[in-house]
Amino acid sequence: MALLEVKGLNVFYGKIHALKDLSLSIEEGEIVSLIGANGAGKTTLLTSLMHQLPYTGSVSFQGKAIDQAGTRDIVKMGMTMVPEGRRVFVRTSVQDNLLLGAYSRKDKEGVKKDLDHIYEMFPRLLERKNQLAGTLSGGEQQMLAMGRALMSSPRLLLLDEPSMGLSPLLVDQIFDTVVNINKTGTTILLVEQNANQALRIAKRGYVIETGEIVLSDSADKLIVNPQVKEAYLGG
Amino acid sequence: MFVFLQQIINGLAQGGIYSLIAIGWTTVFGIVGVINWTHGEVYMLGAYVGYFVTTFLHLPLIPALLVSMLAGMVIAVLVDEVGYRPLRKRGVLAATGFITALGLSTILRYSASAAFTVNPRAYPELIEQELLTLFRVGDSAITISSLHLIILIGTFVIMVALELFMKRTLTGKAMLAASQDMQTLGLMGVNAELLIKITFAISGALGAAAGFFIGLLYAIDPIMGALAGLKGWSCAILGGIGSIAGSLVGGILLGIAESLTAGFISTGYKDAIGFAIMIFILLIKPSGLMGYKFEEKV
């Protein structure tokens, strides 16, 4: 049974058909990368999976249909998203950003344990826990955004362009972090324009073009696929 | 020098009242994104509830204040439920909310005129009015009225409670986060509707408390909310919209400015000069005194 199963997903922005009959599935424990150009529909897909956009089609998570669920229910069930552009709460302290990530949880002990775990994973955040998030650098904000999402203790983490706007060194760090998060048992759907690195850490990949999945294969095969090479890996 | 100091002291209570009104404006605007013109009416209705429970039920000061604040909460939440929520559900609040707000404000104001008549009413004496000497400058005593002192203490207690709520509880932290990015907050599994209702409840409680405090000082009437509401909104902008601390400072500044104008120039000019000072400050610092601005990080 797939952890996430998407079948025939359609999203419209007014008359614009943004996602067309899109289907994909993610198995427990995988890193799956979704690559595609600007405007292909990557963010639209993640946003509708979190039910922040209306869609038609069917989505099931852990074998249960979640089409009628609200964003809150989905977070409680164990799926969450790190939005594009990090979107940390800039006027809120680092620690409070993290605590807000655990808003839907009632297990205080577990929250405290996870907070310690996040600080272990990102020591920079511990150093700056009382600073306002707006004073952090871009890379630190990305770590904070990821830490905040992990605070909801997700089984499936949707990552929207975590490498966006970061220096090459930081990009490497972020991808390492994604691998580490995956190793602790969190399944990951990674949406990226940085196709090369996204495919290198993934088990499988999907290529999306103008709202449709045009290719799907294991990451090793996609990375040597001539079509993918030409369009996304710079020849 | 003596008059100057005395006028500053005299302006503090009025300033605290403006701050209370301004914070109610700024929290709702920051979180819900609507310029809630009914806020002046909540202030007026809070004053009337205070009048009725003190005059007819003979409630003492603190219980009367609490009842008035509770009524303010209920009214503000109802305003949201009836006026804004339907628009929010259809995603048109930002575009049309202002018209709804003006309409509701007008309806509330003139319904109150019809129900309570336009004749001004005065609260019974709830505490003994006397002048307390704060300190002496040469031969002259700087004094504060016992009523002003009570209002200042009340305002201070309410502000501290609000500050503790915002800083110490997860709900308060979520409210601050909501004012920054409601959509992202939704990803944390926050119930946005509940948060909005809490915001209106707080705003209503503060507005009604302000109305009650004014009732301790002056006679109340059904159109008192118009100018006070406008001033409160101006103080919120002056302080930097969305900033509670800014609203606090903005309100106190306006109260003192008005008091100094009344003392040194003329009472007739106090409203005009208050606004003139605000326009001047906003020319120099358009984001308000304590408006937030972070550089875009990449």
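This text walks through strands, a pocket and nonpolar cores in a predicted model. Local features need pLDDT of at least 70, side-chain atom pairs count only at pLDDT 80 or more, and totals for chains, interfaces and linings use all residues. Side-chain values use heavy atoms, leaving out hydrogens and water.

Start with chain A. Strand β1 (residues 4–13) pairs antiparallel with β4 (residues 56–61) over 5 bridges. Strands are DSSP runs of E, at least two residues, and helices are runs of H or I, at least four, numbered from the N terminus. Pairing requires at least two DSSP bridges. Lys7(A) has Ser58(A) as its bridge partner in β4(A). On β5 (residues 64–65) of chain A, Ala65(A) partners Ser60(A). β4(A) and β5(A) form a hairpin with 2 residues between them. In that turn, Gln62(A) has a positive phi of about 55°.

Leu4(A) leads inward to the core. The largest nonpolar core has 106 residues, and Leu4(A), Leu49(A) and Phe213(B) are among those with the most contacts inside it. Such a core joins buried Ala, Val, Leu, Ile, Met, Phe, Trp, Tyr and Cys residues through side-chain atoms within 4.5 Å. Buried means under 20% relative accessible area, with a 1.4 Å probe and protein chains only. α8(B) gives the most to this core, 12 residues. Apart from it lies another core, of 42 residues, including Val94(A) and Ile174(A).

Now the lining of the largest pocket. It divides into 10 nonpolar, 9 polar and 5 charged residues (Asp, Glu, Lys and Arg count as charged; Ala, Val, Leu, Ile, Met, Phe, Trp, Tyr, Cys and Pro as nonpolar; the others, Gly among them, as polar).

Definitions and conventions:
Residues numbered from 1 in each chain as written. Chains lettered and ligands numbered in written order. Buried < 20%, exposed > 50% of the residue type's maximum accessible area, 1.4 Å probe, protein only.
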